[in-house]
Amino acid sequence: MALLINAYSPAEICFGMNATSFIRLVSLGIGQMLGERDEIVITDMDHDANIATWLALAPAGAKFKWWRMRDDGNLHVDDLRPLISDRTRLVACTVTAHSIGSIVDVAAVADIAHAAGAEVFVDCVHYGPHGLIDVQAWDCDYLVCSGYKNFSPHMGFLWGRFETLKRLPTFREDFIPDEPPYKVEAGTFIYENVSGMDAAVRYLESIGRNFLAENNRSRRDNIVAGMNAIRDYELVLAREMLSVLKECGATIYGVADEARLNERVPTFCFNIGTLSPQMIVEAMAEMQIGIRDGHMYAPRLMKRLNLSMDSGAIRASLVHYNTIEEVRRFGEALRAIIAKLS
Ligand SMILES: Cc1ncc(COP(=O)(O)O)c(C=O)c1O
């Protein structure tokens, strides 16, 4: 995992149950160190796992600043700057919105936060399968991922800078070394899942080897080549999906401008007029197309988009093993269902 995300050292990787429990673990630690710096910046575009876990620090004295998504479907760093001051303890934001697919410029977030002495916690769960992760280039302080989105069994992992994790108060039994990763990994972890994660990283490397001329590259070189190839290919899928959805008359939430495709992954959130998302998803399932409906664990974003928590929206998620033909078949199926339900 250290190779996958370009950690400074493998000791910075901590394995555990899932992303949510890791975000809470870090928030509990930070809650004990607030002092004068008591402001936390959160966004209205994140999964609630990276919002509610920070809001839970209100009783510890934390104050919150909301970094809000613009109507163009993304967070803009220009809107972050005025929220940051010498009171800011942390900026918690996603790398990519799991609901609408928008990619945040996390390196710019880190620049702004660090200039004010604040730290950055990034939720990389949804970006994980779609592009190259590089904690050194992003210069963030904490990052969390979930195995099941990274083609592995479900187990989360937390990365933090070694010294940052060393300072973080955590629970550990007295006989456990007061050092990362041990001080973060409570109890015995699930070795078979770690083994599955290792296999997933090797799979991504194997993709990269197809794109490198020489065979004596490092494992990280293969990962870089593999993830960049995935990103390039997914942009082709995203372009096709955008055009299919527009032809179907969908209301697309998030980045819907072809010229800004580099700001998104091929995760599309949409509605078709006032048709029920649930009915569309069920009809698509009958045609062997697996998509989702609902609030996607993003209640604040649903509110922001004027969507009901009950019905929400439809989400179609593509990854590198999907094909253009599948996107076209998706379009044909959706058109047939719209004609039937309208
Ligand atoms: C962006 C994002 N963050 C956090 C989570 C929560 O992850 P976990 O189920 O590993 O706690 C998810 C789950 O889908 C997610 O998509």
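Colleague: How far is a backbone N or O atom of Ala19 from an oxygen atom of the ligand?

Modeller: The two atoms are 2.9 Å apart, which falls under the term polar contact (a pair of N or O atoms within 3.5 Å). Bear in mind that this is a predicted model, in which local features need pLDDT of at least 70 and side-chain atom pairs count only at pLDDT 80 or more, whereas totals for chains, interfaces and linings use all residues. Residues are numbered from 1 along each chain as its sequence is written, and side-chain values use heavy atoms, with hydrogens and water left out.

Colleague: And what about the side chains of Thr20 and Ser146?

Modeller: A polar side-chain atom of Thr20 is 2.5 Å from a ligand oxygen atom, and for an N or O atom in the side chain of Ser146 the distance to an oxygen atom of the ligand is 2.3 Å. Taken on its own the ligand has 390 Å² of accessible area, and the protein covers 90% of that (Shrake-Rupley method, 1.4 Å probe).

Colleague: Which residues surround the ligand?

Modeller: Among them are Asn18, His47, His98, Asp123, Lys149 and His154, where near means having a heavy atom within 4 Å. Sorted by class, this shell holds 4 nonpolar, 6 polar and 2 charged residues, with Asp, Glu, Lys and Arg counted as charged, Ala, Val, Leu, Ile, Met, Phe, Trp, Tyr, Cys and Pro as nonpolar, and the others, Gly among them, as polar.

Colleague: Where does the ligand sit?

Modeller: The ligand sits in the largest pocket, in the sense that more than half of its atoms lie within 2 Å of the pocket's grid points. A pocket here is an open set of points, on a 1 Å grid over the protein atoms alone, where a 1.4 Å probe fits, with protein on both sides within 12 Å along at least five of seven lines, and lining residues have an atom within 4 Å of a point.

Colleague: How much space lies in the largest pocket, and which residues are closest to its centre?

Modeller: The largest pocket holds about 1100 Å³, the space filled by probe spheres set on the points. It is lined by 42 residues, of which His126, Lys149, Arg292, Arg315 and Ser317 are the closest to its centre. Of the elements, α12 contributes the most to this lining, with 4 residues (helices are DSSP H or I runs of at least four residues, strands E runs of at least two).

Colleague: What about the second largest pocket, which element gives the most to its lining?

Modeller: That is α2, with 3 residues, and the space there is about 230 Å³. Phe15, Gly16, Met17, Phe22 and Ala186 are the closest to its centre out of 14 lining residues.

Colleague: Changing topic, is the peptide bond from Pro180 to Pro181 cis or trans?

Modeller: That bond is cis, with omega near 0°, and Pro181 belongs to the loop between α7 (162-167) and α8 (191-209).

Colleague: And is phi of Gln288 positive or negative?

Modeller: Phi of Gln288 is positive, near 65°, and Gln288 lies in the loop between α10 (277-286) and β10. Most residues other than glycine have a negative phi, and most peptide bonds are trans.

How values were computed: Polar contact = N/O pair within 3.5 Å; in protein donor to acceptor, adjacent residues only side chain to side chain.
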